[in-house]
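Work through the exercises below with the sequence and the 3D structure at hand, trying each task before reading its solution.

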Amino acid sequence: MQKLANYIDGELIAPLSGNYIDNYNPAEGRVYSMLPDSGTEDVRVAVDAATRAFPAWSAMPVDKRSALLLKIADLIDRDLDKLVRAESTDSGKPLAQARRLDIPRAAANMRFFATGAIHFSSEAHVTGSDAVNYTLRTPVGVAGCISPWNLPLYLFTWKIAPALAAGCTVVAKPSELTPMTAFLFSQLCIEAGLPKGVLNIVHGLGNKAGQGIVEHPHVSAISFTGGTVTGKRIASTAAPMLKKLSLELGGKNPNVIFADCDFDKALETTIESSFSNQGEICLCGSRIFVERAIYERFLEQLIKRTRSLVVGDPLEEKTNIGALISGAHMKKVLGYITLAREEGGEVLTGGKPVKLSGRCQMGYFVEPAIIAGLGPDCRTNQEEIFGPVVTVMPFDTEEEVIAAANSTNYGLSATVWTENLKRAHRVAAHLKSGIIWVNCWLFRDLRTPFGGMKQSGVGREGGWEALRFFTEAKNVCVRL
Ligand code: TXE
């Protein structure tokens, strides 16, 4: 069975303990490879390598750093098919989605920040004729980047690309549930000639390898995407050490559909925003609010379209919904279906495990579910399920729906459907979300700030925000 390796100081190496963790193929429900069970000692070696590499990497002219990152982007493009298949196998997501979204976006992340760093500039403030202040932006040092399993290479590169482009060296840990594309990525870094120690990838469990990165005194900044509970734990370690922190956490996002929307577009996009990646995207719209005038019609069409989605082998092109990430996660998702019933909800379609035949007979498949009859305050409508499960609620007024949409502890994203321009701007301004889509979903301009409010996190990624995060601002005041 294939054993993955850590990427430390430019080499692919085994964990110091010699121990490995089983890596599952979620569509087959069986172990298909093994990843290093790294501990704090492996992290220490990685941080030492990153510390040694920092002076040369941070001093390298930005166009040279950029060229190396662009080369890695080209290698991702070259290996598209291999990476797509690996991502689908490792995470259970449909191959078609990995080809359309995950892997191209990983290359785009590398290119965006490789070129962005060239254009990054700092400010100058002229204090009348008394002084000139200018801001020096220097890389923070060794950055820790910890990424989750739902969009593995996409979110991994979303963090390491700006860190490296800004001149930081990095110790990164992909999720132990989806290590494969980060491992393949480390091979591409070697091929591209990335200097040793600039990027180090330590595989392993969150509470060992991940916690080791967060606790290490020479890691100056932590960029994390994952669950809110884990984010809080990381903050409780990193905050007293006064580390810079960026936390992108969970969501329970409202999808608000007014009667004056473009009905067909709202319906089609709602199918995507509800069930893309099996609902395992922090940006999925899991609470659907529909204005009463079109509620029955919309719901009827939504059920019909949802029933037509193909739950199946992720490697088959016709599959819309692949496997959930793990048996434990499937249990959690099904537990929420039970909870929804206990809370008085009616499951209008789906919500049952799907038993496939052939190689996928042991896989973690769940039918996409639509639940109605629940108010906004119940647990089903307050807690992140992170699976193919949505609730649908009618509303009568704008004020009412804004209050309901804002009623959770989360504040990551929201979607608004209306053809009324004034209303669109008004509602967007009142929604407590870091990202608001009007008449679209998931569309991203990588220059815009990305992140959540409330329990959805602190800090913003994307564009200059990310390059600012990985640099320290120093003001130099020159008295004239
Ligand atoms: O993610 P974790 P889990 C949500 C979703 C899901 C829940 C739990 O609701 O059901 O979180 O998922 C690393 N120090 N999201 O438990 O634990 C871990 O190894 C340092 C939303 O699988 O947050 C992995 O690399 N690192 C989300 C990463 O954190 C630690 C995406 C994320 O894992 C650590 C995923 C520690 N103490 C889940 N403990 C989103 N925002 O998109 C764990 N890790």
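**Exercise 1. Describe the second largest pocket by the classes of its lining residues, its volume and the helices that contribute to it.**

Step 1. The lining of the second largest pocket divides into 11 nonpolar, 6 polar and 5 charged residues, where Ala, Val, Leu, Ile, Met, Phe, Trp, Tyr, Cys and Pro count as nonpolar, Asp, Glu, Lys and Arg as charged, and the others, Gly among them, as polar. This is a predicted model, in which local features need pLDDT of at least 70 and side-chain atom pairs count only at pLDDT 80 or more, while totals for chains, interfaces and linings use all residues. Residues are numbered from 1 along each chain as its sequence is written, and side-chain values use heavy atoms, with hydrogens and water left out.

Step 2. A pocket is an open set of points on a 1 Å grid over the protein atoms alone, where a 1.4 Å probe fits, with protein on both sides within 12 Å along at least five of seven lines, and its lining residues have an atom within 4 Å of a point. The second largest pocket holds about 470 Å³ of space, and of its 22 lining residues the closest to its centre are Gln97, Arg100, Glu272, Ser276 and Asn320.

Step 3. Helices α4 and α9 (263-275) each supply at least two lining residues, and α9 gives the most, with 5 residues; helices (H or I, at least four residues) and strands (E, at least two) are DSSP runs, numbered from the N terminus.

**Exercise 2. Find the volume of the largest pocket and the element that gives the largest share of its lining.**

Step 1. The volume of the largest pocket is about 910 Å³, and Trp149, Phe224, Gly226, Gly227 and Thr230 are the closest to its centre of the 39 residues that line it.

Step 2. Two or more lining residues come from each of α7 (206-215), β11 (219-225), α8 (228-238) and α11 (327-342), and the largest share, 6 residues, belongs to α8.

Step 3. By class, this lining has 15 nonpolar, 16 polar and 8 charged residues.

**Exercise 3. Look again at α8 and state which of its residues are buried and what covers them.**

Step 1. Thr228, Gly231, Ile234, Thr237 and Ala238 of α8 are buried, that is, under 20% relative accessible area (1.4 Å probe, protein chains only).

Step 2. The cover over the buried residues of α8 includes α7, β11, β12 (244-248) and β20 (410-411), counted by contact, meaning heavy atoms within 4.5 Å.

How values were computed
Grid points are joined across faces, edges and corners, and a volume is the space filled by probe spheres set on the points. Buried means under 20% relative accessible area, exposed over 50%, partly exposed in between (1.4 Å probe, protein chains only).
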